[in-house]
Every structure is written in structure tokens, then in C-alpha cells.
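Grab a viewer and work through these exercises at your own pace. Each one sets a task and then walks through the solution.

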Amino acid sequence: MTLQFPPGFQWGTATAAYQIEGAAQVGGRGASVWDTFSAQPGRILNGDTGAIACDHYHRYAADLDLLQALGVKHYRLSLAWPRLLPTGRGPLNQAGLDFYQRLIDGLLARGITPHVTLFHWDSPQALEDCYGSWRSREMAQDFADYATAVVKALGDRVTHWMTLNEIFCFTHMGYGVNQVPVHAPGTRVASLKDVWQTSHHALLAHGLGCQAIRAASPQPCQIALVDNFLATVPLTATPDHIAAAQKAFHTVGTNGGIIFPALTGEYSPALLAQLGDQAPDIQPGDLETIHQPLEALGFNVYSGVYVRAADTVVGYEVLPLPVGYPRLHMPWLHLVPESLYWGIRHISMTLQRPDLPVFISENGCAAQDEVTAEGEILDLDRIHYLRQYLQAAHRAVAEGYPLTGYFLWSLMDNFEWAYGYDRRFGITYIDYATQQRIPKASFHWYKQCIAAGQIL
Ligand code: FCB
């Protein structure tokens, strides 16, 4: 059967500043926590850092041509806070602003709408030195001030804003663990309560950030939060298992303390009961601040968990995956395409937000790409993965859920955090020695899908 997406469906790709820009010391950019973290021995696989990355800062024009060749009309990028405010606060750094103006103007000139994430993990080292970044409530206000400065400067040409990317990753994975590799820099804090306090501060940053964007924007704009909430997939789509998946949705991962307060204005009662005295301190007015009106939710989805109804106290079981369960080239990258569909459905039925448009702000996979003698990258495994997730997206659209777009992660191979350059998520291969860009088979495949508005 032909799986046709509606004409207005937004096809895009996504990247993030630290993962592609490089030029870490160019144009007055300040250090970010990721510069510091990746410079520490043993933190990143093979000792990689984002100092050069894809050198996108210098090669952005060629990369924009690549986007144009792909045929996307939407592109998700992030801004590096320390490139714009080198010490985290104060006046904008003109050279940093110039870069993003060039980049955004280049997109607009090619008919591509920029979707801009204000924070994709690379916070200024200066704020870490000053008060420990997300350990402090001050970070929320500094983020809002940063948002004000940026939106005043770029709001004439950008109308699609995202506040923070994946609160769980840069708070719970940064502050809650002391293992290598971790997904984010941070400091191990004393208790689970302190970890939840960091994500509470991030939620406040989101809320104050929304208010700041709206106040500063010179024109009507769209604001989204980007979250990688964990989708619970019912083992069988029957009422009992669906009800179990709905219950479990509150307590798996960090859903109950991140996506719940952001979209409903309350931490999930089930999560709070579980946390007991480890729940974060919530000051009067915080939940109202956090629960801002949003035009959309960005859903980053790579995998999910299966749940079934069970005769247990809670009434459900989260199922362990068998040893041989298929996965792509990351330990956590299990193939659960239904998670895309059920994640969207949970926003509607479990969080009771059927009104809220959702777009897939990231979906993609790492594969063990090889260049053939003919110079091709035949990433059939990536196409296999993408096709299945797109089928789940089509199902959501066909059933009337408000899924508005899909941003493939990623336009090109890049610095995959603690895994460095070892893991390739791109549909464009980067030869890091020469910085040559080679579109993979998945690039050509996705291009055809976009042109037809179909899964081919
Ligand atoms: C997400 C991040 C993104 C990238 C993908 C693979 O958690 O938002 O930067 O690393 O995973």
C-alpha cells in the first residue's frame, strides 16, 4: 500500500551546534562544558573532542547546499550559547551573531525554514564555574536572559523556536552518574533528590525561556520543548495492555517529572509517590512557570519499552528485552518502531493533550558504515530502520493524531557525545581526515521519499 503523507507534512533533518560546528576557539566563542569535559582524558571514546567536528562553522555554505540537494524545506539546528554569550551572560558576541545570521540567511535563501533549538547541552563553562550550572536555580534566569538576547537579534528571521533539548540527558545523566561514558558533563550530586532538582531547574529554564521568547519576538512565533520521553508500547494492543502501558508511562524513565509537569503543570502523582522524600523542592509558582502554552512538542524518539498488564501491585510489568533483540550501533538503540506511534498516542490519551501538535524532532540510527571500493556507503540497515519508524509516523497521521513533521537525525555524521566520532548517525558520511561529505544510500532514499511525500 502506498503510504502517502499529507502535503503540509514537514520533512527535515536535524543537527546540533557542538556536534558539527567545531571552531571552538574562533570568533570569540567562550568555552562550553563540553569543551572542558571532552578535554579530560578517558571521558570520550578515542579521546575525541568537538574542537573541529565537521568544521561546519567554516563549511556551512556547502552543508546548506547539501540540504538543498536533499530537498528538505525544514532544518533543525541549535545555537551555541557560549558562541553568543562567551561568559554565559552580558552582551551578545558580534562574531557569533554574525555566524548565525549568515547561516540562517543561507537557509532562507534556499527556501528552508530554520527550526532553532536554543540549548542542545553546550552550556557556558563560565556558568559552571560560577554556580555549578543546573545545580543552581540561577541557571534558569540566565537561560531566559540568553533567550531574550537571541530572539531580539534573530527573531526577525526565525519563527520556530525550541527551548531545551532532552532535559533528562543533560541533567539526570550528567549529575546522577559517575561512569564513563556518560551522555553529559556534570558533577555527581549527593542524592537522587539533588538530581531531580537539576531537572526541576531545567524545567524552570524552559518556562522562563518560553516567556522570554514570546516577549522578545518581533513577530508571532512557535515555541516547542524537545523531549525524549520514554514511550511505553503495549505488548498487545488490547484494552488491558494499553491501560498497563498508560499507567507505566507515568513512572518509566523520567517521564513523570519532565514531560508531565511541562505539559500538564503537575509532576505525576505516581512518580511523586515513588520518590517520597527524594522529590525535588518545588517553590510556589514554579509549576505555573513551567507549564507554559506551547505551539508544539518536539519528540526525539529512537527506541521504547514494551509493557504488559500484570497481576502486580502497580498492575503492569515493563518487559526486559531478550539478549538477541535487534538493535543498531548503540547499546540503547533497540529497534522499537512502534514507540514513535505510541509516544504520540500517549501525549493525546495519557497526558490528555490531543490539542498539542507533535513533530518528530529527532529519529535516526547509528550504523557501521563502510565506504565501498566504488566510494558508496550502502547503509541498508539505516534505511531499514528509518522505513519502519516512518511507517509508525504514517500510522499516527492516518489515525488523525496531530503529527506535523519529521526531522531525521542527522544530516551528517557528527560528534556523538561520549562516543565521539566512532558512531555515525548521518545520512551523509563525513571523512574526518579530509572533511569530505559523501551522501549515503539513505540520503538518496530519503530524498526520494521527501519528493514523493511517501515511504519508498
Ligand atoms: C540524542 C541527542 C542528539 C544525538 C542523538 C543520537 O539524545 O539529542 O544530540 O546525540 O541522541
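**Exercise 1: Around one core residue**

Leaving out neighbours within four places in sequence, Tyr 446 is in contact (heavy atoms within 4.5 Å) with Trp 11, Gly 12, Thr 13, Leu 70, Val 72, Tyr 406, Leu 408 and Ile 427. Keep in mind that this is a predicted model, where local features need pLDDT of at least 70, side-chain atom pairs count only at pLDDT 80 or more, and totals for chains, interfaces and linings use all residues. Residues are numbered from 1 along each chain as its sequence is written, and side-chain values use heavy atoms, with hydrogens and water left out.

Task: find which residues touch the most other members of the largest nonpolar core.

Solution. Start with the term: a nonpolar core is a set of buried Ala, Val, Leu, Ile, Met, Phe, Trp, Tyr and Cys residues joined through side-chain atoms within 4.5 Å. Buried means under 20% relative accessible area, exposed over 50%, and partly exposed in between, using a 1.4 Å probe and protein chains only. The largest core has 151 residues, and Leu 79, Trp 161, Leu 164 and Tyr 446 touch the most other members. There's also a second, separate core of seven residues, including Ala 244 and Val 305.

**Exercise 2: Classify two ring pairs**

Task: work out why the pair Trp 81 and Phe 119 is edge-to-face, then do the Tyr 421 and Tyr 432 pair.

Solution. First, the rule: rings of Phe, Tyr and Trp (its six-membered ring) pair if their centres lie within 6.5 Å, with planes under 30 degrees apart counted as stacked, over 60 as edge-to-face and the rest as tilted. The structure holds 37 aromatic pairs. For Trp 81 and Phe 119, the centres are 6.1 Å apart and the planes sit at 85°, so it's edge-to-face. Next, place the rings: Trp 81 is in helix α4 (residues 81-84) and Phe 119 in strand β3 (residues 113-119), 38 residues apart. Helices (H or I, at least four residues) and strands (E, at least two) are DSSP runs, numbered from the N terminus. Trp 81 is buried at 0% relative accessibility, and Phe 119 is buried at 1%.

Now the tyrosines: the centres of Tyr 421 and Tyr 432 are 4.6 Å apart with planes at 50°, so that pair is tilted. At 15% relative accessibility Tyr 421 counts as buried, while Tyr 432, at 21%, counts as partly exposed. Both belong to one aromatic cluster, whose members include Trp 34 and Trp 417.

**Exercise 3: Read an open sheet**

Task: say which strands stand at the edges of the sheet β6-β8-β9.

Solution. The sheet is open, has three strands in that order, and shows mixed pairing. β6 (232-234) and β9 (316-318) are the edges: each has a single partner strand, so one side of each lacks a neighbour in the sheet. The twist averages 35° from one strand to the next. Strands pair if DSSP finds at least two bridges between them. Three bridges join β6 to β8 (residues 305-309), and the two run parallel; Val 233 stands opposite Tyr 306 in β8.

**Exercise 4: An enclosed strand**

Task: explain why strand β10 is largely enclosed.

Solution. Count the burial: six of the six residues of β10 (residues 358-363) are buried, so the rest of the structure largely encloses the strand. Then check its partners. Four bridges join β7 (residues 296-300) to β10 in parallel, with Leu 297 opposite Val 358. β10 also pairs with β11 in the parallel sense over four bridges, where Asn 363 stands opposite Leu 408.

Definitions and conventions:
Axes are lines fitted to C-alpha atoms, for helices over the stretch in contact, and angles run from 0 to 180 degrees between N-to-C directions.
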